[in-house]
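Reader: I should like to learn how a structural model is read. Would you please guide me through one?

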Amino acid sequence: MKIDAVMIPALKDCVHCGLCLPECPTYHATGREAESPRGRIAALRGVVEERSSVSDAIHDGLESCLVCRACESACPSGISMENLMARYREQTRNVRGDFSASLESWLLSYVISHPRRLNACLNLVRILSPGLRIFPGNEDLPARHRLRPQPPVPQLLEPSGQARGTVSILRGCVADRLFREETHLAARLLARAGWRVLVPAAGCCGALHHHAGLVEAGQRHASLRWKDLSAAEVDYVVVDSAGCGSHLLGQRDSDSPPITDTVTLLAHEGGFVAKSRLPGRWAISVPCHQQHSDLDSTTGISIIESCVEERVELPAQDHCCGAAGMYLLRRRKLSRKIGKMAHERFEKSDADAIVSGNPGCLLRWEGLLGSSRAKHPVQILAQSSGLTPI
Ligand code: SF4
Ligand code: SF4
């Protein structure tokens, strides 16, 4: 099997400096060069230049990439591992006979992109998960996500006074089923801060497709979401899932509205007042796709800090928790090992609880610490400002 060199132009830019190695969670977890950014690029280049074939070992090293993008921030050559992996997976997906990759493609194409099928599938998982223990962390699917009625999401929330502007919120696909309460809270926090809030129908943004190598489908879903989210004139598109926000940002037209998240928007534009501080020492885990993309990863931190008694730093806080979207199902063993390493860092920090703004990461932390000690930023803001969940 050959990999098309035209599709992978960045390989020659690697100068083998190794600056990416300390940033790579799979390298930390395995200690193997083949599971580092530099090793992956060297292996891929060997295949492209036809010095080697895509052996099982090479494929395994490439497939174990989390696409966390931590290496991208360290790389002096500006290599995008996200794009390299998307192209590699696009070209190898249907020819390797890899069962987990085929199952992933099937789920993405026939379940996750279809809200009713996704709902039925998640209901089945909710029923079976205590026995299957398929979800992240050391525990099964946290109890708060198991079978229970999902509140309907209003399509429009008006502020009580004069509107400072209009925003639209992404509901997403899996997030809409597991984190609908957070979407509710975000919409109400924004309306309370003076924003007119539009909430278009739920739908997939295509980020999971892109990472799985279903590049064309990833672009198609992103373009549908952009159409929905900017159907009316809006000042901002609000995305409270960093993976989705980063993907939509990459597919944004120059005349599209800017992307932000609830906490960043409130910190930037005002209108939020913390009334009390949540007790305890809180660590803030900024999701990889917020840290290593052009999304704002710093402005919202001050507003979270204003809602908690004490903020503590996580050691190596830029390291991935190992959830990484479908990775937690596709590469369960390595995902859990990286999750265990994240848990050890948390324990060293002496924190009582953690805040994380990405649904996959939050599932991981809820699995590791329990739902009362792992919260989405909008839950923290809501609790601190006296907004009750629906
Ligand atoms: S994207 Fe993450 S897991 Fe993949 S090579 Fe880069 S740092 Fe390692
Ligand atoms: S930092 Fe960039 S250039 Fe240096 S070894 Fe890693 S991928 Fe190659």
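Author: The following dialogue treats a helix, a nonpolar core and the shell of a ligand. This is a predicted model, in which local features need pLDDT of at least 70 and side-chain atom pairs count only at pLDDT 80 or more, while totals for chains, interfaces and linings use all residues. Residues are numbered from 1 along each chain as its sequence is written, and side-chain values use heavy atoms, with hydrogens and water left out.

Reader: What span should helix H11 have?

Author: Helices are DSSP runs (H or I, at least four residues), numbered from the N terminus. The expected span is 1.5 Å times one less than the number of residues. Helix H11 has 15 residues (215-229) and should therefore span 21 Å, in agreement with the 21 Å between its end C-alpha atoms.

Reader: Which residues of H11 are buried?

Author: Buried means under 20% relative accessible area, with a 1.4 Å probe and protein chains only. Among the buried residues of H11 are Val215, His221, Trp226 and Leu229.

Reader: Which residues touch the most other members of the largest nonpolar core?

Author: In soluble globular proteins, nonpolar side chains tend to be buried together. A nonpolar core is a set of buried Ala, Val, Leu, Ile, Met, Phe, Trp, Tyr and Cys residues joined through side-chain atoms within 4.5 Å. Here the largest has 36 residues, and Leu190, Val197 and Leu381 touch the most other members. Helix H9 (residues 180-192) gives the most to this core, namely six residues.

Reader: Which residues surround ligand 1?

Author: A residue counts if one of its heavy atoms lies within 4 Å of the molecule. Those around ligand 1 include Cys24, Cys65, Cys68 and Cys71.

Definitions and conventions
Chains are lettered from A and ligands numbered from 1 in the order in which they are written. Helices (H or I, at least four residues) and strands (E, at least two) are DSSP runs, numbered from the N terminus. Buried means under 20% relative accessible area, exposed over 50%, partly exposed in between (1.4 Å probe, protein chains only).
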